[in-house]
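Here is a short briefing for a newcomer. Please look over the sequence and the structure, then read the points below.

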Amino acid sequence: MGRILLFLFIVFISLNLGAQRTMKESDQTASVQRYTPEQKEIRLSIYPVPVNNNTFTIRSDKEISLVKVTNIIGQDIFREKYNTPQQLVRITLNDPQRGMYLVTVIFSDELRIVKKIMIEGSK
């Protein structure tokens with residue numbers, strides 16, 4: 001009886017360690033795909049925050065090809081694709097409600113950055 005329990009314990013530990021090793025290897029692969037040195041060097045600023053009068057500006061050192069503004073429940077309230085990529089974009093929203101929004105900026109090299117903003121509403 002003791003030998004069987006010892007055998008089952010060793011098998012359980014071996015399987016558990018093998019699963020952890022597999023998870024660590026897949027995590028490393030995913031992190032290599034998510035983060036590159038280029039992404040750390042991107043300067044992206046959104047101002048003014050909080051957004052007043054339904055207008056804000058996005059400035060970047062990379063060329064912006066698409067801007068999307070989404071409310072917290074996932075509805076797009078603004079989407080603009082630029083045929084000629086730009087580094088300075090002025091966004092005017094059509095009477096948004098006061099609250100938190102996500103601004104997704106997609107650059108010409110398909111890199112994507114998402115920032116959170118607060119919109120005060122129109123005065």
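Thr104 is found in strand 4. This is a predicted model. Thr104 has a relative accessible area of 7%. The cut-off for buried is under 20%, so Thr104 counts as buried. The points below start from Thr104 and move out to the rest of the chain.

**Around Thr104 and Phe107**

- Setting aside neighbours within four places in sequence, Thr104 is in contact with Leu66, Val67 and Lys68.
- Thr104 also contacts Arg112, Ile113 and Val114.
- Strand 4 runs over residues 99-107, and Phe107 has its own list of contacts.
- Leaving aside neighbours within four places in sequence, Phe107 touches Ile42, Leu44, Ser60 and Lys62.
- Glu63, Ile64, Ser65 and Ile113 are also in contact with Phe107.
- Ile113 therefore appears in the contacts of Thr104 and in those of Phe107, and Thr104 itself is buried.

**The nonpolar core**

- The largest nonpolar core holds 22 residues.
- Which of them touch the most other members? They are Phe56, Ile58, Val67, Ile91, Val103, Phe107 and Ile117.
- Strand 1, strand 2, strand 3 (76-92), strand 4 (99-107) and strand 5 (112-121) each give two or more residues to this core.
- Strand 2 gives the largest share, five residues.
- In soluble globular proteins, nonpolar side chains tend to be buried together.

**The chain as a whole**

- The chain has two helices and five strands.
- Along the sequence, their order is α-α-β-β-β-β-β.
- The chain has 123 residues, and 29% of them count as buried.
- Take the contacts between residues at least 6 apart in sequence: 51% of these join residues at least 24 apart.
- The accessible surface of the chain is about 9100 Å². Carbon and sulfur atoms account for 54% of that surface.

**The hairpin of strands 1 and 2**

- Strand 1 (44-52) and strand 2 (55-71) have a loop between them.
- The two strands form a hairpin, with two residues between them.
- Strand 1 and strand 2 pair in the antiparallel sense, over five bridges.
- Tyr47 stands opposite Thr57 in strand 2.
- Asn53 lies in the loop between the two strands. In this turn, Asn53 has a positive phi of about 55°.
- Is Asn53 buried or partly exposed? Asn53 counts as partly exposed, at 49% relative accessibility.
- Asn53 and Asp95 are 42 residues apart along the chain, and their C-alpha atoms are separated by 8.7 Å.

**Salt bridges**

- How many salt bridges are there? The count comes to three.
- Side chains of opposite charge can pair when their charged atoms come close.
- Lys62 and Asp109 meet through their side chains in one salt bridge, at 2.4 Å from N to O.
- Lys62 lies in strand 2 and Asp109 in the loop between strand 4 and strand 5, so this pair ties together parts that are 47 residues apart in sequence.
- Lys62 is partly exposed, at 21% relative accessibility. Asp109 is partly exposed too, with a relative accessible area of 39%.
- Asp76 and Arg79 form another salt bridge between their side chains, at 2.9 Å from N to O.
- Asp76 counts as partly exposed at 40% relative accessibility, whereas Arg79 is exposed at 51%.
- Glu120 forms a salt bridge with Arg98, with the closest N and O atoms 3.7 Å apart.
- This pair links distant parts of the chain: Glu120 is in strand 5, and Arg98 is in the loop between strand 3 and strand 4, 22 residues apart.
- Glu120 is partly exposed, with a relative accessible area of 31%. Arg98 counts as exposed, at 58% relative accessibility.

**A nonpolar surface patch**

- Met1, Ile4, Leu5, Phe7, Leu8 and Val11 make a nonpolar surface patch of about 660 Å².
- Leu8, one of these residues, lies in helix 1 (residues 2-34).
- Leu8 is partly exposed, with a relative accessible area of 48%.

Technical notes:
Residues are numbered from 1 along each chain as its sequence is written. This is a predicted model: local features need pLDDT of at least 70, side-chain atom pairs count only at pLDDT 80 or more; totals for chains, interfaces and linings use all residues. Side-chain values use heavy atoms; hydrogens and water are left out. Patches are made of residues with over 30% relative accessible area and no salt bridge: like charges are joined within 9 Å, nonpolar side chains (Val, Leu, Ile, Met, Phe, Trp, Tyr) within 5 Å. Accessible areas come from the Shrake-Rupley method with a 1.4 Å probe; for residues, only the protein chains shown count as cover. A salt bridge is a side-chain nitrogen of Lys or Arg within 4 Å of a carboxyl oxygen of Asp or Glu. Helices (H or I, at least four residues) and strands (E, at least two) are DSSP runs, numbered from the N terminus. Buried means under 20% relative accessible area, exposed over 50%, partly exposed in between (1.4 Å probe, protein chains only). A nonpolar core is a set of buried Ala, Val, Leu, Ile, Met, Phe, Trp, Tyr and Cys residues joined through side-chain atoms within 4.5 Å. Contact means heavy atoms within 4.5 Å. Two strands pair if DSSP finds at least two bridges between them.
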